[in-house]
Amino acid sequence: MLGLIKISDYALIEECELEFGPNFNVVTGESGAGKSILMSAVAFLLGGRTDRSVIRTGCQRASVTGCFTVPEELRSDISKLLDEAGIAFDISSGELALRRVVTPSATRNFINDTPAGAKLLSEAGAMLIDLHGASEHLSLTSPARQLELLDHYLQLDDLKDICSDCYKKLKELQAERENFSADIPTEAEVEHLENTISEIDAVSPEEGEDEKLSAKQKIGANAREIINSARELSNMLNESEDSISDRLGSVYQKLQELSRIDESLTSSLAAECSDIQDRVSELARSIALLAEKVEIDPEELQAVELRMEEIFKLKRRYAPDIGMILDIRRRAAEKLEKSRNAQTMLSEFDRKEAELTRKLDEACRKLSSMRRENCQKFTSAVVQKLHTIGFLKSEIIAEFTPTQPSPSGADRVELLFSANPGEAPAPLRKIASSGELSRLMLALKTVLVDADRIPTVIFDEIDMNIGGETANKVGCELKELGKNRQILCISHLAQVASKANIHFEVTKSVEDGRTVSHVKRLADPTLELARMLGGGPAALEHARKLLK
């Protein structure tokens with residue numbers, strides 16, 4: 001049940017806090033006073049789309065908060081939904097708060113003061129409130145909507161889910177087959193792929209081979225220069241007259257001579273000089289080995305250059321990098337493999353498609369059978385409700401037409417309606433007036449409400465285009481409906497409003513040059529009912545009689 005709603009800086013509503021009660025709550029007021037704004041705020045709270053234009057002029061944000069007490073039979077479902085999102089919910093008390101805030105740059109959603117996504121907030125709201133908009137009765141003329149209402153009443157969601165799942169998988173499989181078929185290479189493509197693989201395999205390049213060959217070729221091409229430089233360096237270090245080794249020997253002798261004067265003066269220096277001599281000798285040997293390493297056979301150098309030329313031709317033809325060439329070869333092999341296995345794969349697609357088609361057809365047959373067998377139960381319940389609100393001789397027939405399998409089955413259902421005796425039932429889109437549609441929608445809603453567990457139902461002008469005794473009967477029906485759940489109704493009819501357990505009035509005024517909407521609970525709705533009846537002593541007396 002919706003216990004409280006608080007609205008701040010939303011359109012014409014500056015600040016509004018309403019405490020709703022159980023049973024039948026009604027909201028009335030002059031046209032343009034702000035009743036539709038109140039419903040818009042509720043729709044927004046339940047996840048409806050809006051934009052920054054709803055922010056009251058001069059304000060930075062608009063917010064709507066709703067406090068609910070979740071019925072015991074729904075608490076486990078709500079708890080499961082919120083637990084998956086990591087949102088705390090006290091299942092013992094059933095207290096739940098939804099809040100939405102819209103600013104010029106964003107809309108933020110909260111469940112029990114925890115940030116939440118709009119989808120989650122909408123799912124939670126849909127379990128708590130069934131909101132029937134003022135123009136929803138127009139959708140009743142659509143056969144698709146009529147089928148949806150029938151399935152909802154008969155509780156066929158599980159069968160519909162099977163149909164929808166099979167249909168989705170079938171379409172995905174068909175799309176996969178189409179993509180597979182489009183990717184099967186033609187004979188010319190097969191020949192090209194085989195040539196590609198043959199040319200690459202003839203060279204059989206290895207990852208990074210080109211870089212190794214390039215380094216080897218560079219050394220081979222400059223071998224003579226490297227050898228000559230190595231010999232020159234070796235002479236400078238060790239072999240020529242006045243080499244570095246000879247000079248270090250002279251330095252060592254001088255240090256030895258100094259040591260005769262005082263050994264402590266040069267002992268460490270002599271050792272350091274000896275170490276340098278050893279390191280110079282080691283460096284000379286390493287340079288000599290360098291010359292040996294770079295020696296290359298002219299035939300081997302020629303082979304390296306020929307190999308580099310083969311790889312260069314592949315690069316020029318296919319890609320600038322060996323890794324990319326090998327990837328081209330891999331993809332070509334995969335395509336060839338697909339070509340060789342195409343018939344097998346297509347046969348497997350055929351098998352899977354036949355299996356899914358069989359499952360879809362079976363699910364559609366079961367769904368269609370359930371609809372046809374139980375449809376009379378639905379139409380009888382609606383006719384019975386219609387009788388209570390003035391259509392004493394009305395008739396409704398559900399006309400079934402087979403269709404191609406779809407996510408909702410293989411049926412097209414259209415409700416045929418006759419409001420008066422002697423009139424042949426005809427499609428709603430052809431014969432029903434707006435007043436008849438309003439009453440028919442009320443009958444359907446009350447039948448459907450009895451079939452589900454949603455604790456709060458909101459009707460926005462469900463009594464549109466009716467009056468007189470019919471309005472009295474509609475009011476009585478809403479009051480009866482309110483015995484088992486909370487009803488919130490916006491109404492323009494005193495006959496309907498007089499049946500409410502709790503009455504709210506919406507008014508509009510100009511304060512400091514700005515228009516403001518106010519909502520207040522009426523302890524005594526007599527004057528408001530009299531206004532709705534046209535005003536004056538007669539209307540006042542009529543209002544008192546209605547309340548009795």
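Let us start in a loop: Ser204 sits between helices α6 (187-203) and α7 (209-221). This is a predicted model, and Ser204 is a good place to begin reading it.

**Two residues with a positive phi**

Most residues other than glycine have a negative phi. Ser204 is not a glycine, yet it has a positive phi of about 50°. How exposed is Ser204? Its relative accessibility is 43%, so Ser204 counts as partly exposed.

Asp113 is another case, with a positive phi of about 65° although it is not a glycine. Asp113 belongs to the loop that joins β6 (107-111) to β7 (114-115). With a relative accessible area of 63%, Asp113 is exposed.

**Aromatic pairs**

Next, look at the rings. Searching the whole structure turns up four aromatic pairs. One of them is formed by Tyr10 and Phe44, a tilted pair with 6.0 Å from centre to centre and 35° between the planes. This pair links distant parts of the chain, since Tyr10 is in strand β1 (residues 2-10) and Phe44 in helix α1 (residues 35-45), 34 residues apart. Tyr10 is buried, with a relative accessible area of 2%. Phe44 also counts as buried, at 2% relative accessibility.

Why is the pair of Phe180 and Phe349 called tilted? The ring centres are 5.6 Å apart and the planes meet at 55°, and a pair counts as tilted when the angle is neither under 30 degrees nor over 60. Phe180 is part of helix α5 (residues 157-182) and Phe349 of helix α12, so this pair ties together parts that are 169 residues apart in sequence. Phe180 is buried at a relative accessible area of 10%, and Phe349 is buried at 6%.

Here are the two pairs side by side.

| Pair | Centre to centre | Angle between planes |
|---|---|---|
| Tyr10 and Phe44 | 6.0 Å | 35° |
| Phe180 and Phe349 | 5.6 Å | 55° |

**Buried residues and their contacts**

Phe180 turns up again when we look at Ala342. Ala342 lies in helix α12 (residues 322-388) and is buried, with a relative accessible area of 9%. Which residues does Ala342 touch, leaving aside its neighbours within four places in sequence? The contacts are Phe180 and Ile184. Ala342 is also 51 residues from Lys393 in sequence, and the two are 65 Å apart in space, C-alpha to C-alpha.

Ser79, in helix α2 (residues 72-84), is buried as well, at 12% relative accessibility. Apart from neighbours within four places in sequence, Ser79 is in contact with Phe89 and Ile91.

**A helix with two sides**

An α-helix has 3.6 residues a turn, so residues three or four places apart point the same way. Helix α18 (residues 537-547) makes a nice example, with Ala539, Ala543 and Leu546 buried. These three cover an arc of only 60° around the axis, which puts them on the same side of α18. Which residues are exposed on the other side of α18? They are Pro537, Ala538 and Lys545. The buried residues of α18 pack against α15 (468-481), α16 (494-497) and α17 (526-532).

**A nonpolar patch on the surface**

Finally, turn to the surface. Leu258, Ile261 and Leu265 form a nonpolar patch there, with about 330 Å² of accessible area together. Ile261 belongs to helix α9 (residues 244-261). Is Ile261 buried or exposed? At 68% relative accessibility, Ile261 counts as exposed, because the cut-off for that word is over 50%.

How values were computed
Residues numbered from 1 in each chain as written. Predicted model: local features only at pLDDT ≥ 70, side-chain atom pairs only at ≥ 80, totals over all residues. Heavy atoms only, no water. Patch = residues over 30% accessible without salt bridge, like charges linked within 9 Å, V, L, I, M, F, W, Y side chains within 5 Å. Areas by Shrake-Rupley, 256 points an atom, 1.4 Å probe, with all protein chains shown as cover. Salt bridge = Lys/Arg side-chain N within 4 Å of Asp/Glu carboxyl O. Helix = DSSP H or I, 4+ residues; strand = E, 2+ residues; numbered from the N terminus. Buried < 20%, exposed > 50% of the residue type's maximum accessible area, 1.4 Å probe, protein only. Contact = heavy atoms within 4.5 Å. Arc of directions from axis to C-beta. Phe/Tyr/Trp six-rings, centres within 6.5 Å; stacked < 30°, edge-to-face > 60°.
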